[in-house]
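Please open the model in your viewer and set it to a cartoon view, with side chains ready to be switched on as you go. The tour moves from the whole chain to single residues, and at each stop it says what to select and what is there.

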Amino acid sequence: RNTPVFIGQVGIRCRNCAILPKALRPKGSAYYSRTLEGVYQIAQNMAKTHFSEKCIQTPIVVKEKLMALQKSNKRASGGKQYWVDGLKVHGIYEDGKGLRFRPLQSGQGGF
């Protein structure tokens, strides 16, 4: 890491190896983007490397599905803006240092 993680910072991590002690988790099991757009690239990297190759906790059926999707010429639509919009809908925002979570008011969307 180039910058330290701070309390309250939003990140993305592998739910499969999250149960392991930190020292046993493979590289790339958690990331903390400074920007909303950065989450898109992180998710792409995790799908291509962490889930498919490095994480021994990821079920084989998931790895096989990811590999099949990577070999396919089909691409999901939306891209970065889709991810940015989705994060915002769930109360994630940039504060200049990283990402934070703001609980949504009733009726604002979310989970």
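What follows is a walk through a predicted model, beginning with the overall fold and then stopping at a few chosen places.

**The whole chain**

Begin with the whole protein chain, which has three helices and four strands, and colour it from one end to the other so that the order of these elements can be followed. Read along the sequence, the elements come in the pattern β-β-α-α-α-β-β, so that pattern can serve as a map for the stops below. If you colour by accessibility instead, the buried residues make up 27% of the 111 residues in the chain. Contacts can be viewed in a similar way: of those between residues at least 6 apart in sequence, 52% join residues at least 24 apart.

**Two cysteines**

Next, select C14 and C17 and show their side chains. How many disulfides does the structure hold? The structure holds zero disulfides, and for this pair the reason lies in the distance, because the sulfur of C14 is 3.7 Å from its closest cysteine sulfur, that of C17, which is too far for a bond, the cut-off being 2.5 Å. Seen from the other side, C17 is in no disulfide either, and the nearest cysteine sulfur to it, that of C14, is 3.7 Å away. Are these two cysteines buried or exposed? C14 is buried, with a relative accessible area of 1%, and C17 is buried as well, its relative accessible area being 1%.

**The cavity**

Keep C14 and C17 selected and add R13, A18, R25, S29 and A30, since these residues together line the largest cavity. The structure holds one cavity of 30 Å³ or more, and about 30 Å³ of space lies in the largest cavity. If you colour its lining by residue type, you will find four nonpolar residues, one polar residue and two charged residues.

**The loop after helix α1**

Now go to T58, which is placed in the loop between α1 and α2, the latter covering residues 60–71. T58 counts as buried, at 5% relative accessibility. Show its side chain together with that of N16, and a polar contact between the two side chains appears at 3.3 Å. Apart from residues up to four places away in sequence, T58 touches C14, N16, F51 and K63, so selecting T58 also leads back to one of the cysteines seen earlier.

**Along helix α1**

From the loop, step back into helix α1, which spans residues 36–54 and contains S52. With a relative accessibility of 8%, S52 counts as buried. Its side chain reaches the backbone oxygen of A47 at 2.7 Å, a distance you can draw in the viewer. Leaving aside neighbours within four places in sequence, S52 is in contact with M46, A47, K63, L66, M67 and Q70.

Then select K48, which is also in helix α1. Is K48 buried or exposed? At 55% relative accessibility, K48 counts as exposed. Beyond its neighbours within four places in sequence, K48 is in contact with E53 and Q70. K48 and L66 are 18 residues apart in sequence, and their C-alpha atoms lie 7.7 Å apart in space.

**The loop before strand β3**

Move on to G91, in the loop between α3 (79–89) and β3 (92–94). G91 counts as buried, at 5% relative accessibility. Not counting residues up to four places away in sequence, it touches R100, F101, R102 and L104. For R102, which is 11 residues from G91 along the chain, the separation between the two C-alpha atoms is 4.9 Å.

**Strand β4**

The last stop is F101, a contact of G91, which lies in strand β4 (residues 99–101). F101 is partly exposed, with a relative accessible area of 46%. Where residues up to four places away in sequence are not counted, F101 touches V10, H90, G91, I92 and Y93. To finish, select Q9 together with F101: the two are 92 residues apart in sequence, while in space their C-alpha atoms are 7.8 Å apart.

How values were computed. Residues are numbered from 1 along each chain as its sequence is written. This is a predicted model: local features need pLDDT of at least 70, side-chain atom pairs count only at pLDDT 80 or more; totals for chains, interfaces and linings use all residues. Side-chain values use heavy atoms; hydrogens and water are left out. Buried means under 20% relative accessible area, exposed over 50%, partly exposed in between (1.4 Å probe, protein chains only). On a 1 Å grid over the protein atoms alone, a cavity is a set of points where a 1.4 Å probe fits but cannot get out, and a pocket is an open set with protein on both sides within 12 Å along at least five of seven lines; lining residues have an atom within 4 Å of a point. Grid points are joined across faces, edges and corners, and a volume is the space filled by probe spheres set on the points. Ala, Val, Leu, Ile, Met, Phe, Trp, Tyr, Cys and Pro count as nonpolar, Asp, Glu, Lys and Arg as charged, and the others, Gly among them, as polar. Helices (H or I, at least four residues) and strands (E, at least two) are DSSP runs, numbered from the N terminus. Contact means heavy atoms within 4.5 Å. A polar contact is a pair of N or O atoms within 3.5 Å; within protein, one must be able to donate a hydrogen and the other to accept it, and residues adjacent in sequence count only if both atoms are side-chain atoms.
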